[in-house]
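The exercises below are worked on one protein chain. Try each task on the displayed model before reading its solution.

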Amino acid sequence: METILASGLEPGLYIVAGPIGNLGDLTPRAAEVLRLADVVAVEDTRVSARLLRHAGSDRPMIPYHDHSAENVRQRLIERMASESVALLSDAGTPLISDPGYKLVRDARAAGRKITTLPGPSAAIAALTLSGLPTDRFLFMGFLPNKAKARGDVLAEVVALRATLVFYESGPRLSDSLAAMAAALGDREAAVSREISKAFEETATGTLTELSARYADAPPKGEIVVIVGPPGEAPPASAEDADAALREALTRLPVSKAAGEVAKKLGLDRRTLYDRANELKGEREA
């Protein structure tokens, strides 16, 4: 039998998406949970106090962030057995580049009820503003500070045929855009900042153009960078096909050589088979 608290909420964890800028984006359901929860776990009490006042909530807050001790998480999970605990990040949806996944994981392992209240996310909002493909995308969070580590992360996704989403800060923006251009190629991109706020702005162009734009004028505010997927590779030329066939014929019979090159270059296997026979004949003549 489910327990219903006097507040009307069941005991458990409530993941509450807050606004990313405009307080008017807080959903009525999220505001109700913030008013009724027994306790609200927050990243920063100073930031969340403003949102709670807007929601008409006087509920007590407990700091919960990346540096929280293990025992803080365990105490929250213990409280979920008989109380309602709301999880709130500084902005947007908790767990998206914010602390919280360990709390959700351990709460689930303890058999606690977990409810999410969907709402704003800077990553999704920036995707809708970018004008870039949204059918496949990968959220990358913040890139590492050090150049080598940043390059290593970008190298992992250079061939991925998907739009990439990054969070970034103003002082790092130009250098990060330049690093992306060097590692990924000079792709189409968009930089969105201050989404839903008075000075919301989205700038579009190539990564190199955007890097130059912000080189001497680092922007302020919360920033999301959207990078388009790689373009289609140019079709292989006849010279490319011949070079690949000659190399393959040093290792494989004609049929297998043609099949390997057809798969590698995306060309017709029958045409390559005929050409491989010609090249083999020339070599044996």
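**Exercise 1. Pairing around strand S2**

Which residue in S4 does valine 42 stand opposite? Work outward from S2 to its partner strands.

Solution. The model is predicted, so local features need pLDDT of at least 70 and side-chain atom pairs count only at pLDDT 80 or more, while totals for chains, interfaces and linings use all residues. Residues are numbered from 1 along each chain as its sequence is written, and side-chain values use heavy atoms, with hydrogens and water left out.

Step 1. Strands (E, at least two residues) and helices (H or I, at least four) are DSSP runs, numbered from the N terminus. Two strands pair if DSSP finds at least two bridges between them.

Step 2. Strand S2 covers residues 39-42, and strand S4 covers residues 84-88. The two pair in the parallel sense over four bridges. Valine 42 stands opposite leucine 88.

Step 3. S2 also pairs in the parallel sense with strand S3 (residues 61-63), over three bridges. Here valine 40 stands opposite methionine 61.

Step 4. Look at the side chains of S2. Val39 and Ala41 point one way, Val40 and Val42 the other way, and all are buried. Buried means under 20% relative accessible area, exposed over 50%, and partly exposed in between, with a 1.4 Å probe and protein chains only.

**Exercise 2. The surroundings of strand S1**

Why is strand S1 largely enclosed by the rest of the structure? Find its partner strands as well.

Solution. Step 1. S1 spans residues 12-16, and five of the five residues are buried, so the strand is largely enclosed by the rest of the structure.

Step 2. S1 and S4 pair in the parallel sense over five bridges. Leucine 87 in S4 is the bridge partner of isoleucine 15.

Step 3. S1 and strand S5 (residues 114-117) pair in the parallel sense over four bridges. In S5, isoleucine 15 has threonine 116 as its bridge partner.

**Exercise 3. A serine in a helix**

Which residues are in contact with serine 48, leaving aside its neighbours within four places in sequence?

Solution. Step 1. Serine 48 lies in helix H2, residues 45-55. Its relative accessibility is 2%, so serine 48 counts as buried.

Step 2. Contact means heavy atoms within 4.5 Å. With the sequence neighbours set aside, serine 48 is in contact with Val42, Met61, Leu88 and Ser89. Val42 and leucine 88 are the pair that stand opposite each other in Exercise 1.

**Exercise 4. The end of S8 and the loop after it**

Is arginine 193 buried or exposed? Continue into the loop and examine the backbone there.

Solution. Step 1. Arginine 193 is found in strand S8, residues 188-193. Its relative accessible area is 18%, so arginine 193 is buried.

Step 2. Not counting residues up to four places away in sequence, arginine 193 touches Phe199, Glu200, Glu201, Pro219, Lys220, Glu222 and Ile223.

Step 3. Glutamate 194 is placed in the loop between S8 and strand S9 (201-206). With a relative accessible area of 15%, glutamate 194 is buried. Its phi is near 55°, a positive value in a residue other than glycine.

Step 4. Serine 196 is placed in the loop between S8 and S9. Serine 196 has a positive phi of about 75° although it is not a glycine.

**Exercise 5. Glycine 228**

Where is glycine 228 found, and which residues is it in contact with beyond its neighbours within four places in sequence?

Solution. Step 1. Glycine 228 is found in the loop between strand S10 (223-227) and helix H9 (238-249). At 3% relative accessibility, glycine 228 counts as buried.

Step 2. Beyond those neighbours, its contacts are Leu132, Ala162, Thr163, Arg187 and Glu188.

Step 3. Proline 28 is 200 residues away from glycine 228 along the chain, and their C-alpha atoms are separated by 35 Å.

**Exercise 6. The chain as a whole**

What radius of gyration does the protein have?

Solution. Step 1. The radius is taken over C-alpha atoms, and the globule rule is 2.2 Å times the number of residues to the power 0.38. A compact globule of 285 residues would have a value near 19 Å, but the protein has 27 Å.

Step 2. Along its principal axes the C-alpha trace spans about 90 × 55 × 30 Å.

Step 3. The protein has 11 helices and 10 strands, and buried residues make up 43% of its 285 residues.
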